[in-house]
Structures are given as C-alpha cells and as structure tokens.
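Subject: Structure for you to look at, with notes

Dear colleague,

I am handing over the structure we spoke about, together with some notes on it. Please open it alongside this message and read the two together.

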Amino acid sequence: DLGLDLRSANHAGDALLLGRDHAPGRARAVAALDQLLQEVGLEPAVLDLDVFGLANAALLGCTALPARTVLVDVNAERTLLTLLDRGTPVLARSLAYRCPEDAETLEIYVGRLSKHLQQTYYACENILQQPYAPDLLLVSGVRGEQASLLAKALQEADDLPAEAWRLTAAA
C-alpha cells in the first residue's frame with residue numbers, strides 16, 4: 001500500500017517527477033505505482049514520490065490543514081510547489097532556484113516566486129476545470145529566521161495566510 005487515493009487522480013496530471021533516491025525498495029514502489037496508475041487509465045511519463053511524501057508529512061504534521069494548501073518546499077537546489085486539494089497533491093512544479101540568504105535578494109526571490117505561484121494556480125485551474133483558491137501557503141525547507149521572513153514576505157506579496165512549517169519528530 002503506497003497510501004495514495006487514486007479516486008481523486010485526474011487525467012491531466014500524468015507527469016510527475018522522480019526523486020533522486022533510486023534504492024531497490026523505492027524502485028519496486030515506483031513500479032507498483034506505475035502499474036496502479038496504468039490500471040486506472042493514466043500513463044505517467046515520470047513519477048515523483050517526493051511530492052507524495054511531502055504531502056503526507058504535511059498531513060501528518062499539521063493538526064488542521066486547510067482544504068487547499070500550497071506547500072512551498074525550498075532546498076539547496078530548487079523550490080518545489082505542491083498544490084493540495086483536501087490533502088491530495090493535484091499539481092507539483094519544480095523551480096530551478098533556491099531561497100537567497102540576504103534580505104535584498106529575498107525581495108526579488110519572493111517577487112519571482114509569487115509570479116510562479118500565480119501561474120501554477122492558473123495551470124491547476126485548467127487541469128481541474130474549476131477555480132483553485134488556496135487557503136494557506138506552508139513554507140518548508142528553510143530554517144529559523146529565514147523561514148519566518150519568507151513566509152511573511154509571501155503572505156504580503158500574495159495576500160494569503162502563510163506559515164513557516166517545521167518538521168518535528170513525534171513525541
């Protein structure tokens with residue numbers, strides 16, 4: 001069981017990205033997922049277990065996740081945008097840039113990211129054939145003060161609630 005709900009899969013979401021970890025167990029999981037998707041009429045070009053893993057972590061790690069949440073995961077190589085609809089990833093987009101360290105460049109990054117978010121919402125609306133209005137931006141991948149600054153800047157730029165999300169181990 002891969003923990004996926006295929007009832008909400010849409011036929012336009014046939015391309016997902018494959019994560020870098022190609023361990024034998026992961027290869028079996030990818031093969032099983034590919035077979036499952038093909039059984040329901042989807043023929044994915046690429047699979048990304050990282051998108052589902054991040055969505056599952058958000059669902060388990062946040063007590064009250066709004067119906068339409070956008071995960072903004074910033075890491076050293078890229079920024080991953082994942083749009084959730086009632087906990088299910090409906091669209092993921094990988095951007096080839098990362099969050100800068102200095103405040104001056106952060107403003108430019110947020111401006112670019114805000115534009116990419118708007119384009120991603122528009123693409124999602126075309127795929128779902130219905131409006132996608134996010135309730136929350138959840139920022140992860142950056143730490144400390146930088147996470148809070150990024151969440152605050154995105155909130156101001158997009159006029160949406162935004163929070164810094166920190167993964168914590170269960171007690």
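What follows describes the sheet, then the helices around it, and then two residues in detail.

Please keep in mind throughout that this is a predicted model.

The sheet

The sheet is an open one, formed by 5 strands in the order E3-E2-E1-E4-E5, and its pairing is mixed. Strand E3 (88–95) and strand E5 (162–164) stand at the edges with a single partner strand each, so that one side of each is left without a neighbour in the sheet. On average, and with direction ignored, neighbouring strands of this sheet are turned by 20° against each other.

The mixed pairing can be followed from strand to strand. E1 pairs with E2 in the antiparallel sense over 7 bridges, and a hairpin of 4 residues joins the two; within this pair, valine 74 has threonine 79 of E2 as its bridge partner. E2 in turn pairs with E3, again in the antiparallel sense and over 7 bridges. The pairing of E1 with E4, by contrast, is parallel and runs over 5 bridges, with valine 70 standing opposite leucine 137 in E4.

E1 deserves a closer look, because 7 of the 7 residues of this strand are buried, and it is therefore largely enclosed by the rest of the structure. In a regular strand the side chains alternate between the two faces of the sheet. In E1, both faces are covered: Arg68, Val70, Val72 and Val74 are buried on one side, while Thr69, Leu71 and Asp73 are buried on the other.

The helices across the sheet

Helix H3 (residues 103–128) lies across strand E1 (68–74), E2, E3 and strand E4 (136–140), and runs at about 140° to E3. H3 has 26 residues and reaches 36 Å from its first C-alpha to its last, which is close to the 38 Å expected at 1.5 Å a residue. Its buried residues include Leu106, Tyr109, Val110, Leu113 and Leu117, and what covers the buried residues of H3 includes E1, E2, E3, E4 and H4. Glutamine 129 follows H3, and its phi is positive, near 60°. Helix H4 (residues 144–158), for its part, lies across E1, E4 and E5, running at about 175° to E5.

Two residues in detail

Is aspartate 85 buried or exposed? With a relative accessible area of 8%, aspartate 85 counts as buried, because the cut-off for that class is under 20%. Aspartate 85 belongs to strand E2 (residues 79–85), and its bridge partner in E3 is threonine 88. The side chain of aspartate 85 makes a polar contact of 3.4 Å with the side chain of arginine 68; when residues up to four places away in sequence are not counted, aspartate 85 touches Ala67, Arg68 and Val90.

Leucine 54, found in helix H2 (residues 49–61), is likewise buried, with a relative accessible area of 10%. Which residues does leucine 54 contact, leaving aside its neighbours within four places in sequence? They are Leu71, Asp73, Leu80, Thr82, Ser140 and Trp165. Leucine 54 and leucine 71 are 17 residues apart along the chain, and their C-alpha atoms are separated by 8.2 Å.

With best regards

How values were computed: Residues numbered from 1 in each chain as written. Predicted model: local features only at pLDDT ≥ 70, side-chain atom pairs only at ≥ 80, totals over all residues. Heavy atoms only, no water. Buried < 20%, exposed > 50% of the residue type's maximum accessible area, 1.4 Å probe, protein only. Polar contact = N/O pair within 3.5 Å; in protein donor to acceptor, adjacent residues only side chain to side chain. Contact = heavy atoms within 4.5 Å. Pairing = 2+ DSSP bridges. Axes fitted to C-alpha atoms, helices over the stretch in contact; angles between N-to-C directions. Expected span 1.5 Å × (residues − 1).
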